[in-house]
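This report concerns a pocket and the nonpolar cores of one protein chain. Please consult the sequence and the structure shown here while reading.

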Amino acid sequence: MFCTKYRSATSESLWVQALLMTVGLGFMAILVLLPLASVFAEAFRQGWDAYRNALLDPQALSAIRLTLLVAVIAVPLNVMFGLAASWAIAKFDFAGKQLLTTFIDLPFSVSPVISGLIYVLLFGANGLLGEWLADHDIQIIFAVPGLVIATIFVTFPFVARELIPLMEEQGTEEEEAAIMLGADGWRTFLSVTLPNIKWGLFYGVLLCNARAMGEFGAVSVVSGHIRGATNTIPLHVEILYNEYNFVAAFAVASVLTMLALVTLLLKCVIEFKFASEMRAQDKG
């Protein structure tokens with residue numbers, strides 16, 4: 001009688017594991033850690049005073065304020081859209097459902113520069129609505145509204161794309177039970193649906209916020225690069241770098257880098273909390 005020794009599909013010898021870990025860590029060091037270190041090294045190359053002066057420059061402060069303003073407007077609007085779209089797609093069957101899903105993925109397939117050009121053709125001085133906007137003294141392109149609209153477009157898939165598969169997996173049984181017990185739609189959403197999707201929602205908000213603050217292509221087209229008025233942090237960094245003011249450019253870039261690190265930390269916390277909650281539910 002012959003005995004067959006079965007081996008797990010994920011078990012490998014120690015040298016294979018060491019090789020894979022070395023390759024992974026090597027790529028991580030070259031593509032992530034080394035650039036991060038370079039940003040801060042260049043930012044502090046002339047000392048703390050030069051770094052502080054670069055961040056306290058009025059144009060840098062204006063860029064930081066504008067970036068935060070755009071994110072504060074765009075992210076909540078995308079949260080509302082993401083919740084509504086994911087609720088509709090995951091919980092209901094209706095005509096045009098597949099079309100809505102396709103439109104949600106549109107920003108992933110369109111270059112941000114192209115999306116910015118589309119808004120210029122629509123809202124610009126010579127655009128489709130340009131004459132009407134000028135007659136009513138409304139400026140969208142080369143102003144804050146244009147930055148907000150462009151940012152909303154490139155970031156609106158993130159919340160919806162995190163919530164749709166999560167809601168589809170959860171099904172509609174709990175909502176139907178709540179309605180049968182007398183809860184209305186709003187109460188059902190707040191008491192049943194929202195607690196079930198909270199970690200996915202937080203994760204989508206983080207991704208949306210990170211993209212909103214770091215967006216370059218679309219906002220570059222619609223901003224006009226007006227110093228102190230329509231330059232966000234990425235646009236201000238580009239201007240400083242093109243002027244060979246490398247220390248100031250990397251100093252301002254370090255702000256985005258720190259925001260990215262905070263986002264990464266929060267992402268890890270959310271994933272840990274979500275995994276802990278899932279384990280607790282499995283044990284229960």
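The text below treats the second largest pocket and then the nonpolar cores.

The model is predicted. Its second largest pocket holds about 180 Å³ of space. The lining of this pocket is formed by V120, F123, G124, A125, G130, L133, A134, I138, Q139, I140, I141 and F142. By residue class, this lining comprises 9 nonpolar and 3 polar residues, with no charged ones. Two helices, α6 (112–123) and α7 (130–135), each contribute at least two residues to the lining. Of the elements involved, α7 gives the most, with 3 residues.

The largest nonpolar core contains 17 residues, and those with the most contacts inside it are V70, Y119, F123, I141, L147, F153 and V222. At least two residues of this core come from each of α3 (58–91), α6, α8 (144–155) and α12 (217–223). The largest share, 5 residues, is supplied by α8. F123 and I141 are thus named both in the lining of the second largest pocket and among the core residues with the most contacts.

Which residues does F153 contact, apart from its neighbours within four places in sequence? These are L106, P107, S115 and Y119. Separate from the largest core is a second one of 16 residues, including V75, A90, F189 and A212.

The two cores are set out below.

| Core | Number of residues | Residues, among them |
|---|---|---|
| Largest nonpolar core | 17 residues | V70, Y119, F123, I141, L147, F153, V222 |
| Second, separate core | 16 residues | V75, A90, F189, A212 |

Terms used
Residues are numbered from 1 along each chain as its sequence is written. This is a predicted model: local features need pLDDT of at least 70, side-chain atom pairs count only at pLDDT 80 or more; totals for chains, interfaces and linings use all residues. Side-chain values use heavy atoms; hydrogens and water are left out. On a 1 Å grid over the protein atoms alone, a cavity is a set of points where a 1.4 Å probe fits but cannot get out, and a pocket is an open set with protein on both sides within 12 Å along at least five of seven lines; lining residues have an atom within 4 Å of a point. Grid points are joined across faces, edges and corners, and a volume is the space filled by probe spheres set on the points. Helices (H or I, at least four residues) and strands (E, at least two) are DSSP runs, numbered from the N terminus. Ala, Val, Leu, Ile, Met, Phe, Trp, Tyr, Cys and Pro count as nonpolar, Asp, Glu, Lys and Arg as charged, and the others, Gly among them, as polar. A nonpolar core is a set of buried Ala, Val, Leu, Ile, Met, Phe, Trp, Tyr and Cys residues joined through side-chain atoms within 4.5 Å. Buried means under 20% relative accessible area, exposed over 50%, partly exposed in between (1.4 Å probe, protein chains only). Contact means heavy atoms within 4.5 Å.
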